[in-house]
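This report concerns salt bridges and the contact between two domains. Please consult the sequence and the model shown here before reading on.

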Amino acid sequence: MKLLKLFLVVFLQIYAATSSLATPSVVIVGAGPAGIAAATRLLESNYKNILILEAENRIGGRINSVFFGEAYIDLGAEWCHGKRDNIVYELVKDFNILRHTEISSTVYHSSKKNVDEEFGKELIQIMESIYVPDGHRDEVEGKSVGQYCIEKYNSTIYEKYQKYPEKLELAKSSTDLFHHIVLSSEGAFSWFEPSAKSDYKDCEGDLNLNWNGLGYKTALEVLMKKFPDPSKRLPLTVLFNKEVVKVLWNDSAEVVCSDKTSFEADHVIFTPSIGVLKQNHERIFSPPLPLSKKKAIRQIGFGAVMKVAMHFNNRWWSKTNFTGFHFIWSEDDKAIVSKEFPEGPLKEGRSWLTELFSIIPVEHNPNVLIGWLTGDMIPQIELMANETLVDGIEFLLNKFVGHKYNITKPDAIIRTFWYSNPHFRGTYSYQTVEARKNNVTAEMELSKPLLNLEGRPIVLFAGEASHPYFYSTVHGAIETGYREADRIINLYK
Ligand SMILES: Cc1cc2nc3c(=O)[nH]c(=O)nc-3n(C[C@H](O)[C@H](O)[C@H](O)COP(=O)(O)OP(=O)(O)OC[C@H]3O[C@@H](n4cnc5c(N)ncnc54)[C@H](O)[C@@H]3O)c2cc1C
């Protein structure tokens, strides 16, 4: 009888262990592209016990498509960058949604006003030929993007325009515009922070495919099988307003939220941004992260860009062939603008207005313009009141293009707060000069899971910043979600 009892106990223990292994529970922190990709992969592999905890009250993370004017606009990710080996393109290519975006804004000068259109285009082409995000520049290891671009730009413009002093002067004044354009791609606060040589890879093909007025959210809808046929949507369980504040882990994990609810799981896939990790990893993980991962988190670069979407009842700009404005400041105008428009933040004498470098149109939205701001004043600009922001943009438009158009105030605006929002703390990651000194890249280090004593992955890391070469993008984020879901799936095969 005793033997039978012992046998039964052992049998029950083995059964409990194997049955929990057969249906492991997975908590995914974050419902951005990485989290949604991980969840859909697990669900499609018949894993039923999947829960997503999301701190915001919506799905999407740094994809945030909102209906504004006559179509969706994107406050976060906006373009599908390239086709070949791009998982986003692969997901949606059969639905005929993506369209080419014409990005060729006309350049205006703060005092000269119109810049000869051909010359303006030439300057932008010079910038685009020097700065390509794809970072395989063998000769420049150890240099920042800023050093690299300034050297190349200066030598090009001196060579090209030394006999044309006026053009040379304009080209020199355009260095700031170049800086801001580069920052819109790198997401840094200064171009002296990202490394010129990097592991980032462009996907071949059109780098600026837009969503034809449907918004980048469509990619997530396709992932969740909600698009094109909503009746086929996958049964995702997402709990909103669940801000994870603790991940306690050993042989399994307990995830605690700020509202004191807690969830147990065999595995946790953690997807919040590198900004959230920088700010909170010490408080969140117990036991703490290994030193190598802490170092990676410290070294991965993360800044912010800002967009301001403006709707105008009366379209005051050209009805046809309008591609947007780029702004070049003369040194004199830059020096006095803070006196002409004293409201809003200043840094070392620079007005916040000099961070607004471009205003562009948006597809299927004839009365909407989007202003782009980059640079180290974004944290303060995000704190400005709407009225000051709108007044400042109106002032700037009058200064640059008031001679040509009858500028009016927008009747509605939507602006971004990626830096101030504690669930993002920035926009997209980049490789710093410092991080490139390591043998293992910081992105690879970040992607390593936390293992228990038997070597089983308990806490796994996904998210754009953990992709070895598609970091900073949606396609990169989705691949990392798949990668970590597959890590779990392979464990139970
Ligand atoms: C302004 C802007 C423009 C961009 N443009 C492009 C573009 O054109 N093309 C492109 O490919 N990419 C672009 N990107 C980058 C792209 O959006 C990101 O790379 C991608 O969304 C990252 O996905 P993710 O899942 O890694 O992280 P996120 O999208 O940040 O998802 C993480 C989720 O975790 C949640 N979270 C955070 N903290 C917690 C917590 N404590 N508890 C629970 N949940 C939490 C967040 O709310 C978020 O929903 C842009 C980003 C921004 C901000």
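A salt bridge is defined as a side-chain nitrogen of Lys or Arg within 4 Å of a carboxyl oxygen of Asp or Glu. By this rule the structure holds 26 salt bridges. The model is predicted: local features need pLDDT of at least 70, side-chain atom pairs count only at pLDDT 80 or more, and totals for chains, interfaces and linings use all residues. Residues are numbered from 1 along each chain as its sequence is written, and side-chain values use heavy atoms, with hydrogens and water left out.

**Domains and their interface**

The chain is divided into domain 1 (25-65 + 217-299 + 435-491) and domain 2 (104-207 + 305-381 + 383-415), with bounds that come from an automatic or database domain assignment. Over C-alpha atoms, the two domain centres are separated by 34 Å. To the contact (heavy atoms within 4.5 Å), domain 1 gives 9 residues and domain 2 gives 8 residues.

Buried area is the accessible area (1.4 Å probe) that two parts lose on being put together, summed over both. For domain 1 and domain 2 this amounts to about 800 Å², of which 51% is on carbon and sulfur atoms. R436, Y469 and Y471 lose the most area in domain 1, together accounting for 66% of what that side buries.

Between domain 1 and domain 2 the count is 2 salt bridges.

**Individual salt bridges**

Three pairs are set out below.

| Pair | Closest N to O | Relative accessible area |
|---|---|---|
| E141 and R436 | 3.0 Å | E141 43%; R436 19% |
| E151 and K143 | 2.9 Å | E151 44%; K143 24% |
| K399 and E340 | 3.1 Å | K399 14%; E340 37% |

Buried means under 20% relative accessible area, exposed over 50%, and partly exposed in between (1.4 Å probe, protein chains only). R436 is therefore buried, whereas E141 is partly exposed. Likewise, K399 counts as buried and E340 as partly exposed. In the remaining pair, E151 is partly exposed, and K143 is partly exposed.

Helices (H or I, at least four residues) and strands (E, at least two) are DSSP runs, numbered from the N terminus. E141 lies in the loop between α4 (117-130) and α5 (145-161), and R436 in the loop between β23 (429-430) and α14 (442-447), so this salt bridge ties together parts that are 295 residues apart in sequence. K399 belongs to helix α13 (residues 386-401) and E340 to helix α11 (residues 331-340), so their pairing links parts that are 59 residues apart in sequence. Elsewhere, K347, R350, E355 and D376 are joined into one network by salt bridges that share partners.
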